[in-house]
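Let's take a walk through a protein model together. Keep the sequence and the 3D view open, and pause whenever a residue comes up so you can find it yourself.

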Amino acid sequence: MSSNPCLTCGACCASFRVDFDCSELESEGGRVPDGLAVPLTGRLVRMRGTDHAQPRCAALSGKVGERASCGIHEWRPSPCREFGERAPMGIGDDACARARARHGLAPI
């Protein structure tokens with residue numbers, strides 16, 4: 001869908017921590033590049049940059065709210081795949097609205 005607001009937003013990628021099981025890493029048979037994750041526990045990893053005081057995923061390119069994109073969209077971890085599943089249809093949710101508000105953007 002060409003009107004998918006997620007293709008230009010990126011607010012979620014610059015608002016939340018992204019934790020996922022290490023089985024999603026390339027070295028474990030998954031698709032997420034290992035260099036984009038930091039270890040948390042024996043099985044849990046976090047997307048690099050998402051635990052900063054002002055979070056911004058290391059895979060995010062561009063300017064939030066204008067022209068942002070995920071550099072690993074095809075290989076993104078499950079929390080990213082599950083976030084805002086209805087946003088491409090123009091339907092936001094509370095988490096999306098909070099992320100957008102953090103960056104001065106109106107809800108979807």
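One idea before we set off: two residues are in contact when heavy atoms of theirs lie within 4.5 Å. Also keep in mind that what you are looking at is a predicted model.

Let's begin with the sheet. Three strands make it up, and it is an open sheet with the order β1-β3-β2 and antiparallel pairing. Out at the edges sit β1 (19-21) and β2 (37-39), each of which pairs on one side only. From one strand to the next, the twist averages 40°. What holds strands side by side in general? Strands of a sheet pair through backbone hydrogen bonds, and they can do this either parallel or antiparallel. Here, β1 and β3 run antiparallel and are joined by 3 bridges. If you want a spot to check this, look for Asp-21, which stands opposite Leu-44 in β3.

Now zoom in on Arg-46. You'll find this residue in strand β3, which covers residues 44-47. Is Arg-46 buried or exposed? Arg-46 counts as buried because its relative accessible area is 12%, and the cut-off for buried is under 20%. And what does Arg-46 touch? Leaving out residues up to four places away in sequence, Arg-46 touches Arg-17, Val-18, Asp-19, Phe-20, Leu-36, Ala-37, Val-38, Leu-40 and Asp-51.

One of those neighbours deserves a second look. Asp-19 forms a salt bridge with Arg-46, and their closest N and O atoms are 2.5 Å apart. This pair links distant parts of the chain: Asp-19 belongs to strand β1 and Arg-46 to strand β3, with their positions 27 residues apart in the count. Asp-19 has a relative accessibility of 28%, so Asp-19 counts as partly exposed, while its partner Arg-46 is buried at 12%.

How many salt bridges does the structure hold? There are 4. Another one pairs Arg-43 with Asp-21, where the closest N and O atoms are 2.9 Å apart. Again, distant parts of the chain are linked: Arg-43 is in the loop between β2 and β3, Asp-21 is in strand β1, and they are 22 residues apart. Both ends are partly exposed, with a relative accessible area of 46% for Arg-43 and 29% for Asp-21.

Further along the chain, Lys-63 forms a salt bridge with Glu-66, and here the closest N and O atoms are 3.4 Å apart. Lys-63 counts as exposed because its relative accessibility is 52%, and Glu-66 counts as exposed at 51%. Some salt bridges also share partners: that is how Asp-19, Arg-46 and Asp-51 are joined into one network.

Stay around Lys-63 for a moment and look at the hairpin. Strand β4 (residues 60-63) and strand β5 (residues 67-70) run antiparallel, with 4 bridges joining them. You can follow the pairing residue by residue: Leu-60 stands opposite Cys-70 in β5, and Gly-62 has Ala-68 in β5 as its bridge partner. Between the two strands of the hairpin are 3 residues, and Gly-65 takes a positive phi near 85°.

Our last stop is helix α2, which spans residues 94-102. Look at its start, where a side-chain oxygen of Asp-93 comes within 3.3 Å of the backbone nitrogen of Ala-95. Which residues of α2 are buried? They are Ala-95, Cys-96, Ala-99 and Arg-100. These residues lie on the same side of α2 because they cover an arc of only 130° around the axis. Why can residues that are not next to each other in sequence share a side? An α-helix has 3.6 residues a turn, so residues three or four places apart point the same way. Now turn the helix over: the face pointing away from the buried side carries the exposed residues Asp-94, Arg-98 and Ala-101. After α2 comes Gly-104, and its phi is positive, near 75°.

Definitions and conventions: Residues are numbered from 1 along each chain as its sequence is written. This is a predicted model: local features need pLDDT of at least 70, side-chain atom pairs count only at pLDDT 80 or more; totals for chains, interfaces and linings use all residues. Side-chain values use heavy atoms; hydrogens and water are left out. Two strands pair if DSSP finds at least two bridges between them. Buried means under 20% relative accessible area, exposed over 50%, partly exposed in between (1.4 Å probe, protein chains only). The arc is that of the directions from the helix axis to the C-beta atoms. A polar contact is a pair of N or O atoms within 3.5 Å; within protein, one must be able to donate a hydrogen and the other to accept it, and residues adjacent in sequence count only if both atoms are side-chain atoms. Axes are lines fitted to C-alpha atoms, for helices over the stretch in contact, and angles run from 0 to 180 degrees between N-to-C directions. A salt bridge is a side-chain nitrogen of Lys or Arg within 4 Å of a carboxyl oxygen of Asp or Glu.
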